[in-house]
Amino acid sequence: MKVHEYQGKKIFADFGMPVQDGYVFEKIEDAESTIKRVQKDFNTKDVVVKAQIHAGGRGKGGGVKYSPDFDKALENAKNILGMNLVTHQTGESGQLVRKVYVTEAFDIVEEYYAAITLDRGKGMDVFMVSSEGGVEIEKVAAETPEKIVKVWIDPLLGMKSFQARKLVYGLGLSGDAFKAAMKIFMQMYKCYQETDATIVEVNPLILTEDGKVVVLDSKMNFDDNALFRHKDIAAMRDLNEEDPNEVEAAQFNLNYIKLDGNVGCMVNGAGLAMATMDIIKLAGGEPANFLDVGGTASAETVKNGFRIILSDENVKAVLINIFGGIVRCDRVANGVVQAVKELGLKVPVVVRLEGTNAEEAQTILSESGVDIIPAVGMKDAAEKVVKAAIGA
């Protein structure tokens, strides 16, 4: 789960990190009072008006505007609220801005980058910093990788002060700024661990003209499976920022992620789903989604899965790849038949069923009278569904 910048900063502040603060409004009639409140509470004339969406690159897309006075701030607020903000992370379709964050402004001397995530290869957390803040870290990694400093942290031992010092030295800070950054990095890792975050990112972390180190932005992602331990964070979820099909799928206990291809996939088990997408690509196709129906799929589950897959107009064929261990293949077959009849499918459906009650499932499908393409093995299934998608 992701949260907005202003929500991430609230969490950061709770962990003692100095943040660029402000207030949020969602209705244009509240813009004027929100701007005046920021000016009054932070004793400032100039403010920054920021679009709140779950995507990076907002500044380049016109979603972050420095405003030297009230009139300019109000103009920027009116332009940003309700705009369709297009960034490198939203894609061409963009994202509607429903919330605007008005913050205090700082005189910036330097901008830095800092982030923590899990390095699965090493089995440890990796804390990264760079002197190239305010820039896409992917660009820095590609063009000037030597400007990224990393330390790996054993999650069982936690972050040590010598590791924080290495990171701060990497940014070239000294004096009071050095001490401030040390504290921020230690608290940042504590925040990462205690909130069950999968990524904590600050871009940029700034050094101001008066020597303060301040968190200017925030990005936080959380492990969905751990949200039951964090009711306050779960309450921050903004369904408007999520794919409506993914939200609907979650209501039926389906794990669905939309992709850009044209071959719909319905599989049981995350590992098999990943393998299925790989073999579709090897056969020359492109998967349209990741859909794991889980180990206890029923006919109703399969029908709901079909409906969600077919809501994507790019889908030209569907591959059902089920290995019956806990789930019974005959249940899946009944769901497939029911879905084809009720939903009036107009795209080819390739079915590969192996495992528990696979023979009974094949009988159900063959005697159903519905138009289904049977497959034997994953390679055969992938080749048939790709061919069907091209033909469609």
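This passage describes the nonpolar cores and the salt bridges of a predicted model. Local features require pLDDT of at least 70 and side-chain atom pairs pLDDT 80 or more, whereas totals for chains, interfaces and linings use all residues. Residues are numbered from 1 along each chain as its sequence is written, and side-chain values rest on heavy atoms, with hydrogens and water left out.

The largest nonpolar core (buried Ala, Val, Leu, Ile, Met, Phe, Trp, Tyr and Cys residues joined through side-chain atoms within 4.5 Å; buried means under 20% relative accessible area, exposed over 50%, partly exposed in between, with a 1.4 Å probe and protein chains only) contains 43 residues. Among those with the most contacts inside this core are F12, F185 and F222. Helix α6 (residues 175-194) supplies its largest share, ten residues. Helices (H or I, at least four residues) and strands (E, at least two) are DSSP runs numbered from the N terminus. A second, separate core of 33 residues includes M266 and V318.

The model holds 17 salt bridges, each defined as a side-chain nitrogen of Lys or Arg within 4 Å of a carboxyl oxygen of Asp or Glu. In one of them, K10 pairs with D14, with the closest N and O atoms 2.9 Å apart. These two residues lie four residues apart in helix α1 (residues 5-14), and are therefore separated by about one helical turn. K10 is partly exposed at 45% relative accessible area, while D14 is exposed at 54%.

D238 and K99 also form a salt bridge (3.9 Å, N to O). This pair links distant parts of the chain, 139 residues apart. Both count as buried, D238 at 9% relative accessibility and K99 at 13%.
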